[in-house]
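Here are my notes on this one, as promised. Have the structure open while you read.

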Amino acid sequence: MKLRRIGREGPQVFPLGLGCMGMSEFYGSTRESESVAVIHRALDLGVNLLDTADMYGIGENERLVGRAVADRRDRVVLATKFGVVRAGNPEGRGINGSPEYVRTACDASLSRLGVDHIDLYYLHRRDPQVPIEETVGAMAELVRAGKVRWLGLSEVSAQTLRRACSVHPISALQSEFSLFSRGIEESVLPAARELGTSLVAYAPISRGLLGGALPPSDELAADDFRRVAPRFIGENAERNARLVAEVKVIADRAELSPAQLALAWLLAQGEDIVPIPGTKRLRYLEENVAAAGVELPVEALTALESAVPPGAVHGERYPDMSHIDG
């Protein structure tokens, strides 16, 4: 399998990474033994980019990932994020990009992960109260100190990315990107390519929506984020289900699952794109990884563009989009 490079001088990774967020919260019940088995199986299959954040499970996700890779650290490109502050409150959300917090958050993540360095360290959300140059300047100090190897940003505009890169190279931009989320194509993705910043695409299966097998939102677990996500409820859900049905027809024709088709489409958008589908189930992990070996024919790509053109999906990605930069 041909590896993909994160940034111009960053690490080489398998074409797909593993998002670990759902192993701790947001998508119903979790079981650590099963999550650890998924991480170990991912590494055995060649997946080496693991993605977590300090706010997932209010630190518990980092601890879980740290325990899972403790005896195989040299096989992992370990990515985590900071900047979203929950302060022990599961419902609370604050954003802190101050230089002081950058240093404090990094040390706390290193401790929870049980490692001496983080490979890829992201600002999870831009703090509108702090110039991005100050935040990235403090992150660059972590690189010089050997605590971090490469820097990333998440959900920022093209303008913010350009300003950040004037301070220090940004190896990765993590944004939601999928057949159902294409907002970055207009300005953000072109800027990233100009600057040598790779795109790490989260929610590449649109939080399971493109998998084609989700129950109605009111049948999801009480703590499942999708119960209140606009795309999954009401008339939006009905309209989006019709789009998913069209995707499934194309997937059947290609002898793929809808999720595999969605991942193969994303991988075909450029070798500077690394999707990080999240799962806590071995079955879905193996299904996703198989998509890395799929080369879609032109007819399938054309059919997908026709079935799901940009802007076709109904509903915002989050109930509150105010934390998205740009």
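The points below go from the overall fold to the sheet and then to one helix.

1. First, a reminder that we're looking at a predicted model. The protein chain carries 10 helices and 12 strands.

2. On overall dimensions, the radius of gyration is 19 Å, which agrees with the value near 20 Å that a compact globule of 326 residues would have. Along the principal axes, the C-alpha atoms fill a box of roughly 50 × 40 × 40 Å.

3. Now for burial and surface. Of the 326 residues, 56% count as buried. The accessible surface is about 13,700 Å², and carbon and sulfur atoms account for 49% of that.

4. How about contacts along the chain? Taking those between residues at least 6 apart in sequence, 75% join residues at least 24 apart.

5. The sheet is worth tracing by eye. It's an open one of 8 strands, paired in parallel, and the order reads E3-E4-E5-E8-E9-E10-E11-E12. Strand E3 (18-19) and strand E12 (273-275) sit at the edges with a single partner strand each, so one side of each has no neighbour in the sheet.

6. For a look at one pairing, take strand E4 (residues 49-51) and strand E5 (residues 77-82), which run parallel and share 3 bridges. Leu49 has Val77 in E5 as its bridge partner.

7. Finally, check helix H4 (residues 132-144), which packs on the sheet. Helix H4 touches E5, strand E8 (118-123) and strand E9 (148-154), and its direction makes about 155 degrees with that of E9.

Terms used: Residues numbered from 1 in each chain as written. Predicted model: local features only at pLDDT ≥ 70, side-chain atom pairs only at ≥ 80, totals over all residues. Heavy atoms only, no water. Pairing = 2+ DSSP bridges. Helix = DSSP H or I, 4+ residues; strand = E, 2+ residues; numbered from the N terminus. Contact = heavy atoms within 4.5 Å. Axes fitted to C-alpha atoms, helices over the stretch in contact; angles between N-to-C directions. Rg over C-alpha atoms; globule rule 2.2 N^0.38 Å. Buried < 20%, exposed > 50% of the residue type's maximum accessible area, 1.4 Å probe, protein only. Areas by Shrake-Rupley, 256 points an atom, 1.4 Å probe, with all protein chains shown as cover.
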